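Please look over the sequence and the model below before reading on. The text after it is meant for someone who has not seen this structure before.

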Amino acid sequence: MTHTYIVNGEAFTLEQAEYQKTEYQETSITVSQLLDQYFSVHPKPKLFAVAVDQIFVAKSDYKATSLSNGASVELFSPIQGG
């Protein structure tokens, strides 16, 4: 089974087997699980925030927030300025 998510405007596809190798056995994936997989193949910024389908997700909610297949995930870097 393949799940595709849109991360920063680009498709990111996971085979079900990829994340079942880990401790994750559910058919849905959480923000935390997606980030683990995403950052295994993409550089991880030092600081970032996450929005799923245009709704901000607090870091404390990454493990509890499930993603539906096709969810849009945006990773934001902080911007300094006034």
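The paragraphs below go from the sheet to the helix, then to the core, the aromatic rings and two loop residues.

The model is a predicted one. A good place to begin is its sheet, which is open and has 5 strands in the order β2-β1-β7-β4-β5, with mixed pairing. The edge strands, each pairing on one side only, are β2 (10-15) and β5 (55-57). Neighbouring strands of the sheet are turned against each other by 35 degrees on average, direction ignored. In general, the strands of a sheet pair through backbone hydrogen bonds, and they do so in either a parallel or an antiparallel way.

One pairing can be followed in detail. Strand β4 covers residues 49-52 and strand β7 covers residues 72-76; the two pair in the antiparallel sense over 4 bridges. Ala 49, for example, has Phe 76 in β7 as its bridge partner.

Helix α2 lies across several of these strands, namely β1 (2-7), β2, β4 and β7, and it runs at about 100 degrees to β2. How much of helix α2 is buried? The helix spans residues 31-38, and 7 of its 8 residues are buried, so the rest of the structure largely encloses it. The buried residues of α2 are Val 31, Ser 32, Gln 33, Leu 34, Leu 35, Gln 37 and Tyr 38.

The helix also matters for the next topic, the nonpolar core. The largest such core has 18 residues, and among these Leu 34 and Leu 67 touch the most other members. At least two residues of this core come from each of β1, β2, α2, β4 and β7. Helix α2 gives the most, with 4 residues. The surroundings of Leu 67 can be listed: apart from its neighbours within four places in sequence, Leu 67 is in contact with Tyr 5, Ser 28, Ile 29, Thr 30, Val 31, Leu 34, Val 52 and Val 73.

Next come the aromatic rings. The structure holds 3 aromatic pairs. In one of them, the rings of Tyr 38 and Phe 39 have centres 5.6 Å apart and planes at 70 degrees, so this pair is edge-to-face. Tyr 38 and Phe 39 are both buried. Phe 39 also pairs with Phe 48: the ring centres are 5.3 Å apart and the planes stand at 65 degrees, so this pair is edge-to-face too. Are these two residues buried or partly exposed? Phe 39 counts as buried because its relative accessibility is 16%, and the limit for buried is under 20%. Phe 48 has a relative accessible area of 21% and is therefore partly exposed. Together with Phe 12, the residues Tyr 38, Phe 39 and Phe 48 form one aromatic cluster.

Two loop residues remain, and both concern the backbone angle phi. Most residues other than glycine have a negative phi. Asn 8, which is not a glycine, has a positive phi of about 50 degrees. Asn 8 sits in the loop between β1 and β2 and is partly exposed, at a relative accessible area of 37%. Gln 54 is likewise a residue other than glycine with a positive phi, near 70 degrees. Gln 54 belongs to the loop between β4 and β5, and with a relative accessible area of 80% Gln 54 is exposed.

Terms used
Residues numbered from 1 in each chain as written. Predicted model: local features only at pLDDT ≥ 70, side-chain atom pairs only at ≥ 80, totals over all residues. Heavy atoms only, no water. Buried < 20%, exposed > 50% of the residue type's maximum accessible area, 1.4 Å probe, protein only. Phe/Tyr/Trp six-rings, centres within 6.5 Å; stacked < 30°, edge-to-face > 60°. Pairing = 2+ DSSP bridges. Axes fitted to C-alpha atoms, helices over the stretch in contact; angles between N-to-C directions. Contact = heavy atoms within 4.5 Å. Core = buried A, V, L, I, M, F, W, Y, C linked by side-chain atoms within 4.5 Å.
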